[in-house]
Amino acid sequence: MLTRYRVMAYVTAVLLVLLTLGVIGKYLLGMDGAAGFTSVVGIAHGWLYILYLIFAFDLGQKAKWPLGKQIWVLLAGTVPTAAFFVERKVTREVAPLVKEEGAAPVGA
């Protein structure tokens, strides 16, 4: 559960950074070929962001996050580089819970 969230957080963040660079190249620098690049990366980011939302929501529900925190984590995939920082914070918080949950009682 935590691993799939982390993977999607990184993938979403990298694609959003690439998309931001593509938009800068397309609109500010007038680069040829940037339109195709931004189109492909934008579509990929959009679809993969949906998976990120599902995985982050699932993680938040299992970790019993309050609504405000849940929304904050879900929106991290829309701000370039934010998902990198949010992912680290979430991992530090949730990793001990996952280890506790994964430990089976002796004799079970």
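Is the crossing of α1 and α2 left-handed or right-handed? I opened the predicted model with that question, and I found the crossing of α1 and α2 to be left-handed.

**Entry 1: α1 and α2**

I looked up the packing of helix α1, residues 2-28, against α2. The angle is about 155° and the axes are 8 Å apart. Angles over 145 degrees count as roughly antiparallel, so I noted α1 and α2 as roughly antiparallel to each other. I then sorted the contact of α1 with α2 by residue class: it has 22 nonpolar, 6 polar and 3 charged residues.

**Entry 2: α2 and α3**

Next I took helix α2, residues 34-63, with helix α3, residues 67-75. These two pack at an angle of about 155°, and their axes lie 9 Å apart. That makes α2 roughly antiparallel to α3. I recorded the crossing in which α2 passes α3 as right-handed.

Which residues make this contact? From α2 I listed Tyr-49, Tyr-52, Leu-53, Ala-56, Phe-57, Gly-60 and Gln-61. From α3 I listed Gln-70, Val-73, Leu-74 and Leu-75. By class, the contact of α2 with α3 has 8 nonpolar and 3 polar residues, and no charged ones.

**Entry 3: two loop residues with positive phi**

I went on to the backbone angles. Most residues other than glycine have a negative phi. I noted two residues with a positive value.

The first note is on Lys-64, where phi is near 60° although the residue is not glycine. I located Lys-64 in the loop between α2 and α3. Is Lys-64 buried or exposed? Its relative accessibility is 71%, so I entered Lys-64 as exposed; the cut-off for that class is over 50%.

The other note is on Thr-81, also a residue other than glycine, with phi near 75°. Thr-81 sits in the loop between α3 and α4, and α4 covers 82-102. At 36% relative accessibility, I entered Thr-81 as partly exposed.

**Entry 4: Val-98**

I picked Val-98, which is in helix α4. What does Val-98 touch, not counting residues up to four places away in sequence? I found Met-1 and Leu-2. Val-98 has 32% relative accessibility and therefore counts as partly exposed. I also checked Val-98 against Gly-77: the two are 21 residues apart in sequence and 23 Å apart in space, C-alpha to C-alpha.

**Entry 5: annotations from the record**

I turned to UniProt, where the entry is unreviewed. Its annotation "domain: DUF3817" covers residues 2-92. In the model I read 85% helix and 0% strand over residues 2-92. The end C-alpha atoms of residues 2-92 are 11 Å apart.

Where does UniProt place the feature "transmembrane region"? The unreviewed entry gives residues 7-29 and 35-55. I looked at each span in the model. Residues 7-29 are 96% helix and 0% strand, with end C-alpha atoms 32 Å apart. Residues 35-55 are 100% helix and 0% strand, and there the end C-alpha atoms lie 30 Å apart.

**Entry 6: recap of the helix pairs**

I set the two pairs down together for reference. The crossing of α1 and α2 is left-handed, whereas α2 passes α3 in a right-handed crossing. The α1 and α2 contact includes 3 charged residues, whereas the α2 and α3 contact has none.

Methods. Residues numbered from 1 in each chain as written. Predicted model: local features only at pLDDT ≥ 70, side-chain atom pairs only at ≥ 80, totals over all residues. Heavy atoms only, no water. UniProt positions renumbered as here; feature names shortened; annotations may be inferred. Helix = DSSP H or I, 4+ residues; strand = E, 2+ residues; numbered from the N terminus. Axes fitted to C-alpha atoms, helices over the stretch in contact; angles between N-to-C directions. Parallel < 35°, antiparallel > 145°, perpendicular 65-115°, else oblique. Left-handed = near helix turned anticlockwise from the far one by under 90°. Contact = heavy atoms within 4.5 Å. Nonpolar A, V, L, I, M, F, W, Y, C, P; charged D, E, K, R; others polar. Buried < 20%, exposed > 50% of the residue type's maximum accessible area, 1.4 Å probe, protein only.
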